Amino acid sequence: KPVLKNVSLNVKVGQTIAFVGNSGGGKTTMVNLLPRFYDVTSGSVCIDGVDVRDLELDSLRDKIAIVFQDNFLFAGTIRENILLGKEDATPEEIDRAVKSACLEEFIASLDKGLDTEIGERGVLLSGGQKQRIAIAGVLAMKPKCIVLDEPTAMLDPVGRRDVMETIERLNREEGITMILITHYMDEAVRADKVFVIDDGDLVMQGTPKEIFSQVETLQKYGLDVPQVTEVAYLLRKEGVELPADILTIEEMVGAICQLKSTT
């Protein structure tokens, strides 16, 4: 049985895109095709118009880096773990990666700085700190695209916020293409485009407003919408005239204020 069927999509350089869907639907398989962890059995995956099967693996994996939900860190120092991404990274490249991953303040608070031991699998660190070190290691590679496979799934709300802010800033300031797999719809709304995968099929694609305004369609696929979007949907069902594409609290407040001013 094919894992993915009739999937066709384009991602522009510098975009942030999000894949959402139920577990086992094919999201991770989709992004694992990019660095050729698997090869397609039909069709093609192209980067800059070149089939990935025509690229050397080292060259391909220099362009695309992956951050997993539970990144492997070994019992060394912070510096050594960052160097997993690029063994010959210069001190300047390490410093740049640390800054880009928003680790400067954390590193400065440590007596030994980058030479601080982190314990087996990073046991001495918080979840957010481990993810930012993993991101720093990826940034040392200077990739054009970063794939983030449920990067906040094992984090508390503060860690989730910190990692997502780091991702957004890297996309905005450095133009790195971000491909995000997430179960959190509040994270998906930050993307430029959202792709919904269901049982191997690409069933919906569009901007966050286009996707999440279709509450009943998403429910049909067993998916949630951002909480504020659901509240707006329920209020509309009760006759309150609110827009269908509310995604944030700020948009909800603005819509209610506008509603009050016209009544």
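Which helices do the buried residues of α11 pack against? They pack against α9 (208-212), α10 (215-220) and α12 (249-261). The model is predicted, and this report takes it one part at a time.

**Helix α11**

Helix α11 spans residues 227-237. Its buried residues are Val228, Thr229, Ala232 and Tyr233. They cover an arc of only 145° around the axis, so they sit on the same side of α11. A rule about helices helps here. An α-helix has 3.6 residues a turn, so residues three or four places apart point the same way. On the other side of α11, Gln227 and Lys237 are exposed. Just after the helix comes Gly239, with a positive phi of about 100°.

**A buried threonine**

Now move to helix α7, which covers residues 157-174. Thr166 lies in this helix. Is Thr166 buried or exposed? Thr166 is buried, because its relative accessible area is 1%, and the cut-off for buried is under 20%. Which residues does Thr166 touch, not counting those up to four places away in sequence? Its contacts are Ser100, Ala101, Cys102, Arg132 and Ile135.

**Positive phi outside glycine**

Most residues other than glycine have a negative phi. Two residues here, Asn6 and Lys142, have a positive phi without being glycine. The table sets them side by side.

| Residue | Phi | Place | Relative accessibility |
|---|---|---|---|
| Asn6 | near 55° | segment before β1 (16-20) | 78%, exposed |
| Lys142 | about 55° | loop between α6 (127-139) and β5 (145-149) | 49%, partly exposed |

Why do the labels in the last column differ? Exposed means over 50%, and partly exposed lies between 20% and 50%. Asn6 counts as exposed because its value is 78%. Lys142 counts as partly exposed because its value is 49%.

**One cavity**

Rolling a probe the size of a water molecule over the atoms shows where empty space is left. How many cavities of 30 Å³ or more does a search of the whole structure find? The search finds one. The largest cavity has a volume of about 30 Å³. Its lining includes Leu33, Tyr38, Asp39, Val40 and Ser44. Val45, Asp51, Val52 and Arg53 also line this cavity. By type, the lining divides into five nonpolar, one polar and three charged residues. Tyr38 is among the residues counted as nonpolar, while Ser44 is counted as polar.

Key
Residues numbered from 1 in each chain as written. Predicted model: local features only at pLDDT ≥ 70, side-chain atom pairs only at ≥ 80, totals over all residues. Heavy atoms only, no water. Helix = DSSP H or I, 4+ residues; strand = E, 2+ residues; numbered from the N terminus. Buried < 20%, exposed > 50% of the residue type's maximum accessible area, 1.4 Å probe, protein only. Contact = heavy atoms within 4.5 Å. 1 Å grid on protein atoms, 1.4 Å probe; cavity = no way out; pocket = protein on both sides within 12 Å on 5 of 7 lines; lining within 4 Å. Points joined across faces, edges and corners; volume = space filled by probe spheres on them. Arc of directions from axis to C-beta.
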